[in-house]
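Trainee: I would like a close look at a single part of this chain. Please take the charged side chains, and place them in the wider picture as you go.

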Amino acid sequence: MKPRNPYGEKVREMLRALFSYTPREKRGILYLLPLLVLLSLLVSTLNRPTFEKSFPRYADRVLDSLNDARREQYPDRSTTAGKDSADRSARGELFAFDPNTVSLPELRRLGFTERQARGILNYRAAGKVFRTPEAFADCYTVSPQMFERLAPLIVIGAEFRTPGRVETSTGQTLHRTAETTDGERRPDSLFLFDPNLLDREGFRSLGFSKRQTEAILRYREMIGGFRDAEEFAECYPVRDRFRELEPYVRIAPPPERKPVRVELNTADSALLVTVKGIGAVTAARIVAYRTRLGGFVRTEQLQEIPGMTERNYEMILQQISLDSSEIRKIDINFADPKRLAEHPYLTALARRKILKQRQLKGGWRTIGEMTDDKTLSVQEAEKLSPYLRFTPFESPQ
C-alpha cells in the first residue's frame with residue numbers, strides 16, 4: 001500500500017478551490033481579464049518614450065561620453081566655451097615659425113587641425129629635420145594649399161639649416177656654392193646645371209621638394225626637353241626661383257645632325273623601312289619595281305609605284321639619295337625578248353617593233369636612230385634613254 005503524499009493532497013485541494021466558483025463568479029472573472037489586459041497595454045504605452053524624444057537623449061549621452069574620453073586623454077586641453085571660442089578666432093593666424101620647433105598650440109593657431117598638427121609633431125619625432133622650407137611640404141599632413149600659404153613665413157633655425165644655405169631677413173632662402181675640403185660639392189647648393197640632364201637627386205640638391213621635382217620631370221618629358229632658359233622658367237615649380245637659378249642654367253644646344261640619306265638603288269628592304277614614310281609593303285614594292293627598271297634615275301619615278309601617296313612621297317624625298325652609276329642598262333642590240341618584257345617602259349607594241357627592226361637591220365648605234373625609223377616614239381625614247389646601251393654590231397648587209 002502506497003503512503004499518501006501530503007503535498008499532492010494540497011495541490012488537489014487548491015485546484016478544486018480554483019474551479020469551484022459559482023456561475024456568477026465565473027462571469028465576473030471573464031469580464032475582469034480583458035480589462036486587466038487593456039490596462040497593462042495602456043500603462044506600457046504611456047510610460048514608453050517616443051523615438052523622437054529618446055534619440056536626442058541617446059545622442060547627448062554619446063557626445064558626453066566622447067567628451068569625457070577626450071578630456072581624460074588630453075587633460076591639458078581646455079573644455080570651457082570661452083577658450084574654444086578663442087581658439088576658433090585665432091585659427092588661421094599668420095606668424096613666422098620654425099617647423100622644427102613649432103608647438104602644437106602654435107600649429108593650431110596657424111590653421112592646422114588637431115590631427116594635422118599631431119601628424120607634423122609625430123613626423124618630427126620620428127627623426128625628420130626640416131632643413132629647408134620646401135622640406136616642410138614633404139610632410140603628408142601639409143597640403144599644397146597650406147604650404148603655399150605658409151611658405152613665406154617659414155624660418156629655419158641656424159642649427160637646422162643645411163650648410164651653404166642662407167636666409168635673408170625677408171625669409172627668402174639663398175643658396176651658396178660650397179665645397180668640402182675634398183672638393184665634393186655639398187647638397188642643396190647652387191651649381192651650373194643643364195635642366196635637360198639633371199636627375200631627381202640633382203633637382204633635390206637645388207632645393208626642390210619631391211613634389212616639385214616630379215612635376216619638373218613630368219613637364220620636361222611632356223615637352224621633349226627645355227630648348228632655352230625661358231622655357232625652363234615656364235615650368236610652374238621653377239617660376240618663383242628662376243631669378244635665383246638663372247645665372248646657373250646652362251642648356252646645351254642640340255647637336256647638329258647631318259641627315260643620313262638612304263641610297264635608293266642599293267638599299268635593301270630592311271634599310272628602306274628605316275625611312276619615315278616607307279613601310280614594309282612599300283619597301284617590297286620599291287625593290288620589285290627597281291629590279292624591273294634596272295634602277296631609279298629620278299626620284300619622281302617613286303610616284304609610279306602603286307600605293308605611293310603624295311604625302312609619303314614628299315616625306316621620303318628628304319631622306320633619300322640616288323646614285324646613277326648603279327643603273328643596270330639593257331643592251332638593246334642583243335637583249336633577249338624576256339629581258340625586254342621585264343622593263344615597265346617597253347610596251348608590247350614597242351617590243352615587237354624592236355625585235356622586227358633588229359632582225360632586219362641588225363641593231364642601232366644611238367637612240368636617235370630608233371626614233372628615226374619609228375621603232376620608238378620621242379616620249380618612249382626619253383624615258384628609255386638612261387636604260388639602253390648600244391653595243392656595236394655587224395650589219396646583215
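**Charged side chains, up close**

Mentor: Start at the surface. Asp228, Glu230, Glu234 and Glu246 form a negative surface patch. One of them, Glu230, sits in helix 11, which covers residues 229–233. Keep in mind that this is a predicted model.

Now the frame around that patch. The chain has 20 helices and 6 strands. Of its 397 residues, 31% are buried. The accessible surface is about 26700 Å², and carbon and sulfur atoms account for 55% of that. Take the contacts between residues at least 6 apart in sequence: 51% of them join residues at least 24 apart.

Next, the paired charges. The count is 9 salt bridges. Three pairs deserve a closer look, and a network comes after them.

Take Asp138 and Arg204. Their side chains meet in a salt bridge, at 3.7 Å from N to O. The cut-off is 4 Å, so this pair counts. Asp138 lies in the loop between helix 7 (133–136) and helix 8 (144–150), while Arg204 belongs to helix 9 (residues 200–205), so the bridge ties together parts that are 66 residues apart in sequence. Arg204 is partly exposed, because its relative accessible area is 27% and the partly exposed class runs from 20% to 50%.

Stay with helix 9. Arg200 and Glu214 also meet through their side chains in a salt bridge, with an N to O distance of 2.7 Å. Arg200 is in helix 9 and Glu214 in helix 10 (residues 210–223), so this pair ties together parts that are 14 residues apart in sequence. Both ends are partly exposed: Glu214 has 29% relative accessibility, and Arg200 has 47%.

Between these two helices sits a residue to check. Ser209 is found in the loop between helix 9 and helix 10. Is Ser209 buried or exposed? Ser209 has a relative accessible area of 4%, so it counts as buried. Which residues does Ser209 contact, leaving aside its neighbours within four places in sequence? They are Glu134, Asp138 and Arg204. Two of those names are familiar: Asp138 and Arg204 are the partners in the 3.7 Å salt bridge. Ser209 is thus in contact with both of them, because the contact list names each one.

Move on to Asp373 and Lys361. Their side chains meet in a salt bridge at 3.3 Å, N to O. The pair links distant parts of the chain, 12 residues apart: Asp373 in the loop between helix 19 (367–372) and helix 20 (378–384), Lys361 in helix 18 (residues 348–361). Lys361 is partly exposed, at 30% relative accessibility.

The loop that holds Asp373 has another charged residue to inspect. Lys374 lies in the loop between helix 19 and helix 20. Its phi is near 65 degrees, a positive value in a residue other than glycine. Most residues other than glycine have a negative phi. Lys374 is exposed, with a relative accessible area of 61%.

Then the network. Salt bridges link Arg108, Glu114 and Arg118.

Finish with a contrast to the charged patch. Ile29, Leu32, Leu33, Leu35, Leu36, Val37, Leu38 and Leu41 make a nonpolar surface patch of about 750 Å². Leu41 is found in helix 2, which spans residues 23–47.

Note on methods: Residues are numbered from 1 along each chain as its sequence is written. This is a predicted model: local features need pLDDT of at least 70, side-chain atom pairs count only at pLDDT 80 or more; totals for chains, interfaces and linings use all residues. Side-chain values use heavy atoms; hydrogens and water are left out. Patches are made of residues with over 30% relative accessible area and no salt bridge: like charges are joined within 9 Å, nonpolar side chains (Val, Leu, Ile, Met, Phe, Trp, Tyr) within 5 Å. Accessible areas come from the Shrake-Rupley method with a 1.4 Å probe; for residues, only the protein chains shown count as cover. Lys and Arg count as positive and Asp and Glu as negative; His and the chain ends are not counted. The place of a charge is taken as NZ of Lys, CZ of Arg, CG of Asp or CD of Glu. Helices (H or I, at least four residues) and strands (E, at least two) are DSSP runs, numbered from the N terminus. Buried means under 20% relative accessible area, exposed over 50%, partly exposed in between (1.4 Å probe, protein chains only). Contact means heavy atoms within 4.5 Å.
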